[in-house]
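Trainee: I am new to this structure and would like to take a close look at a single part of it. Could you choose one helix and walk me through how it sits among its surroundings?

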Amino acid sequence: MSAETASATVLVVDDEPQIVRALRINLSARGYKVITAHDGTAALKAVAETKPDVVVLDLGLPDLDGTEVIAGLRGWTTVPIIVLSARGDSADKVQALDAGADDYVTKPFGMDELLARLRAAVRRSAASSVDGADAVVDTGSFRIDLAAKKVRRDGKEVHLTKTEWGVLELLVRNRGRLVAQKQLLHEVWGPTYETESHYLRVYLAQLRRKLEPEPSRPRHLLTEPGMGYRFEM
């Protein structure tokens, strides 16, 4: 057991029992602490609760696609993610890497290669061990759980549409910093919507009505006229 891996925790996310068993045996034998999850929902919860050093993630999960899990994690954490998937098409690799994965290993895989990539990921994780965000953000007015993708206000869950959540998540992930209109439109709606600034006015108004104590005098979802938007605690 090396000092590098002695305290490293790996979350293995895969619904194939034989893969999970092989990884658990091989990683445990090399000093890693291994946690497992068999679907995307459990994976998001496990990362929030256990804060692993690395995530090894299959894309073909029974409830969520692996790229959705990656996007969900990237909303609040920089934990290294190694995709381990039978999908070998370059488009799948590009999609996973664009979503925020750090590495991609195709099944069937060589254990030595995976272990080498895992060691590199642990080194990256150790070098940036201070994560700039937490999974749960509490403003005092409302509470955002980035891992579970839920918002609560006055003890009750607030229903947000997928688009509303996308806008809120991006602002919270960049809290305290200005997010330009073009960036918001590009990341939430796509590159063909970068000039549709009226979308943002509509959706920010909806979010303020749902979350702000005084929507006409927002304290958290702020507008920088002509520039963009900012989330403040």
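Mentor: Let us begin with a pair of helices in what is, please keep in mind, a predicted model. Helix 6 and helix 8 pack with their axes 10 Å apart and at an angle of about 85°, and since angles of 65 to 115 degrees count as roughly perpendicular, helix 6 is roughly perpendicular to helix 8. On the side of helix 6 the contact is made by Thr163, Glu164, Val167, Leu168 and Leu171, while helix 8 brings Tyr203, Leu204, Gln206, Leu207, Lys210 and Leu211 to it. Sorted by class, the residues of this contact between helix 6 and helix 8 are seven nonpolar, two polar and two charged.

Helix 8 is the part to study closely, and it covers residues 197-211, which makes 15 residues. From its first C-alpha to its last, helix 8 reaches 21 Å, close to the 21 Å expected at 1.5 Å a residue. Which residues of helix 8 are buried? They are Leu200, Leu204, Leu207, Arg208 and Leu211, and, seen down the axis of helix 8, these buried residues fall within an arc of 100°, so they line one face of the helix. A general point helps here: an α-helix has 3.6 residues a turn, so residues three or four places apart point the same way. The face of helix 8 turned away from the buried side carries Arg201 and Arg209, which are exposed, whereas Arg208 is listed among the buried residues of this helix.

What, then, covers the buried residues of helix 8? The cover includes two helices, helix 6 (162-173) and helix 7 (181-188), together with strand 8 (150-153), strand 9 (156-158), strand 11 (221-224) and strand 12 (228-231).

Helix 6 has been described already, which leaves helix 7 to be considered as a packing partner. Helix 7 and helix 8 pack with their axes 10 Å apart, at an angle of about 85°, and that makes helix 7 roughly perpendicular to helix 8. Gln181, Leu184 and Leu185 of helix 7 make this contact with Ser197, Tyr199 and Leu200 of helix 8. The residues involved in the contact of helix 7 with helix 8 divide into four nonpolar, two polar and no charged. Leu200, one of the residues in this contact, is also one of the buried residues of helix 8, just as Leu204, Leu207 and Leu211, which take part in the contact with helix 6, are among the buried residues.

How values were computed
Residues are numbered from 1 along each chain as its sequence is written. This is a predicted model: local features need pLDDT of at least 70, side-chain atom pairs count only at pLDDT 80 or more; totals for chains, interfaces and linings use all residues. Side-chain values use heavy atoms; hydrogens and water are left out. Helices (H or I, at least four residues) and strands (E, at least two) are DSSP runs, numbered from the N terminus. The expected span of a helix is 1.5 Å times one less than its number of residues. Buried means under 20% relative accessible area, exposed over 50%, partly exposed in between (1.4 Å probe, protein chains only). The arc is that of the directions from the helix axis to the C-beta atoms. Contact means heavy atoms within 4.5 Å. Axes are lines fitted to C-alpha atoms, for helices over the stretch in contact, and angles run from 0 to 180 degrees between N-to-C directions. Angles under 35 degrees count as roughly parallel, over 145 as roughly antiparallel, 65 to 115 as roughly perpendicular and the rest as oblique. Ala, Val, Leu, Ile, Met, Phe, Trp, Tyr, Cys and Pro count as nonpolar, Asp, Glu, Lys and Arg as charged, and the others, Gly among them, as polar.
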